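Colleague: Please pick one part of this model and go through it closely. Then work outward from that part to what surrounds it, with the numbers where they exist.

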Protein chains: 2
Amino acid sequence: MELNEQLKLENQLCFSVYACSREITKMYRPYLDKLGITYPQYLVLLVLWEQHETTVKALGAELYLDSGTLTPLLKRMEESGLVRRERSKEDERKVMVRLTTKGEELRDEASIIPDAMATNSGLSKEEFTKALSGFQQLLDHIHSVNDKK
Amino acid sequence: MELNEQLKLENQLCFSVYACSREITKMYRPYLDKLGITYPQYLVLLVLWEQHETTVKALGAELYLDSGTLTPLLKRMEESGLVRRERSKEDERKVMVRLTTKGEELRDEASIIPDAMATNSGLSKEEFTKALSGFQQLLDHIHSVNDKK
DNA sequence: AATATTTAAATTGTGCACAATTTAATTTTA
DNA sequence: TAAAATTAAATTGTGCACAATTTAAATATT
């Protein structure tokens, strides 16, 4: 690609990923609005539906987010009655995050979302699987490059 | 995929796109820091380096952003001397956005970025092209689905 | 021409993201 | 074991995103 072409917006992989991410979030919004949660809050719930209990640190490692983002986000989720936060007895530096009954119950309401989103994305099952593994690979690679510094 | 698997974080295309987008932004940061700009500001410059002059509306259509995001962003860019904003004489509803000399000159400094990012992403030229077109397709599709409502 | 509708930005308010710093607890080291 | 280093959250401050509303100008209707 010639040097002039390289700085065109349409040739930026970064832009298509960035715009895609935001459009995907918009696609989720009507569904998440019904549950009274935001997209990052939905991601926290996905983790907690698998693990029931975790720490801010572990959550951050899974979602690639730090305490600066998670602390206020989890406080909002606590206020809306979805999670409980309390200091660990064994290690008081750690804050345990646990689902409430309300948080547990939201799982049933959310169970329809993945199918709805898969349909809306317009990808076949094979395309979806392929795209997913492509992204995870790219994500892993870039994350390791970023962390090296 | 069984219903239980569908709600696992690792199976969410949305999450890998979301995390990827943020990791890519982090990868750009050291380069953009040198230029004194943020990632969304870089995207605005990419458009202006192609067009030299545009409107808030047109910029929003290209970047999928609205005036609520762009107005304060462009004001910051104006403060740092990269662009000028002024009401159009022909249609006073429109605000024209133009590059300053400083904004123009930043292009040379930025010209090394695409190659550096391509290298860091760890994708071959073919993989890059393929990933790019895959995303643009997904983006177009989701954007049209979102706009239909 | 006067009124209604549409359009383009700006404004307001909420919720992320994230760098940088602070606070407090735990672990390591001298 | 006392001091230093590390670790986990919280805090502070800046900059997006975006829904919803407001303001003002242009266009369409009656």
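**The sheet of chain A and its surroundings**

Modeller: In chain A, three strands form an open sheet in the order β1-β3-β2, and their pairing is antiparallel. The edge positions are taken by β1 (53-55) and β2 of chain A; each has a single partner strand, so one side of each is left without a neighbour in the sheet. On average, neighbouring strands of this sheet are turned by 25° against each other, with direction ignored. The model is a predicted one, and everything below should be read as a description of that prediction.

Three bridges hold β1(A) to β3(A), the strand of residues 95-99, and this pair runs in the antiparallel sense. Within that pairing, Thr54(A) has Val97(A) of β3(A) opposite to it. A helix also packs on the sheet: α5(A) touches β2 and β3 of chain A, and its direction makes about 125° with that of β2(A). As general background, strands of a sheet pair through backbone hydrogen bonds, in either a parallel or an antiparallel arrangement.

To place the sheet in its chain: chain A contains eight helices and three strands. Read from the N terminus, the elements follow the order α-α-α-β-α-α-β-β-α-α-α. The chain is divided into domain 1, residues 39-111, and domain 2, residues 124-149. The centres of these two domains of chain A, taken over C-alpha atoms, are 24 Å apart. Along its principal axes, the C-alpha trace of chain A spans about 60 × 40 × 25 Å.

The sheet of chain A also leads to the DNA. β2 (83-87) of chain A is one of the elements that each supply at least two residues of the surface near DNA strand D; the others are α2 (13-35), α4 (56-63) and α5 of chain A, together with α3 (39-51) and α5 of chain B. There are 30 residues around DNA strand D, and those that come nearest are Tyr18(A), Ser67(A), Thr71(A), Thr38(B) and Arg76(B). By class, this surface has seven nonpolar, eight polar and 15 charged residues. Among the atoms of DNA strand D within 4 Å of the protein, 79% belong to sugar or phosphate, and the rest belong to bases.

Several polar pairs go to phosphate oxygens of DNA strand D. An N or O atom in the side chain of Arg22(A) is 3.2 Å from one such oxygen. Backbone atoms take part as well: an N or O atom of the Val56(A) backbone lies 3.5 Å from a phosphate oxygen, and a polar backbone atom of Lys57(A) is 2.7 Å from a phosphate oxygen of that strand.

Chain B has an open sheet of its own, with three strands in the order β1-β3-β2 and antiparallel pairing. Its edge strands are β1 (53-55) and β2 of chain B, each of which pairs on one side only. Neighbouring strands are turned by 25° against each other on average, direction ignored. β2(B) is joined by five bridges to β3 (residues 95-99) of chain B, and the two run antiparallel. In this pair, Arg84(B) has Arg98(B) in β3(B) as its bridge partner.

On DNA strand C, elements of both chains again meet. α3 (39-51) and α5 (67-79) of chain A, along with α2 (13-35), α4 (56-63), α5 (67-79) and β2 (83-87) of chain B, each supply at least two residues of the surface near that strand. Arg76(A), Tyr18(B), Ser67(B), Thr71(B) and Lys75(B) come nearest, out of 30 residues around DNA strand C. Seven nonpolar, eight polar and 15 charged residues make up this surface. Sugar or phosphate accounts for 80% of the atoms of DNA strand C within 4 Å of the protein, and bases for the rest.

One contact here goes to a base: an N or O atom in the side chain of Ser67(B) is 2.7 Å from a base nitrogen of DNA strand C. Phosphate oxygens of DNA strand C are approached by an N or O atom in the side chain of Arg85(B), at 2.9 Å, and by a backbone N or O atom of Glu92(A), at 3.2 Å.

Terms used
Residues numbered from 1 in each chain as written. Chains lettered and ligands numbered in written order. Predicted model: local features only at pLDDT ≥ 70, side-chain atom pairs only at ≥ 80, totals over all residues. Heavy atoms only, no water. Near = heavy atom within 4 Å. Polar contact = N/O pair within 3.5 Å; in protein donor to acceptor, adjacent residues only side chain to side chain. Helix = DSSP H or I, 4+ residues; strand = E, 2+ residues; numbered from the N terminus. Nonpolar A, V, L, I, M, F, W, Y, C, P; charged D, E, K, R; others polar. Pairing = 2+ DSSP bridges. Axes fitted to C-alpha atoms, helices over the stretch in contact; angles between N-to-C directions. Domains from an automatic or database assignment. Contact = heavy atoms within 4.5 Å.
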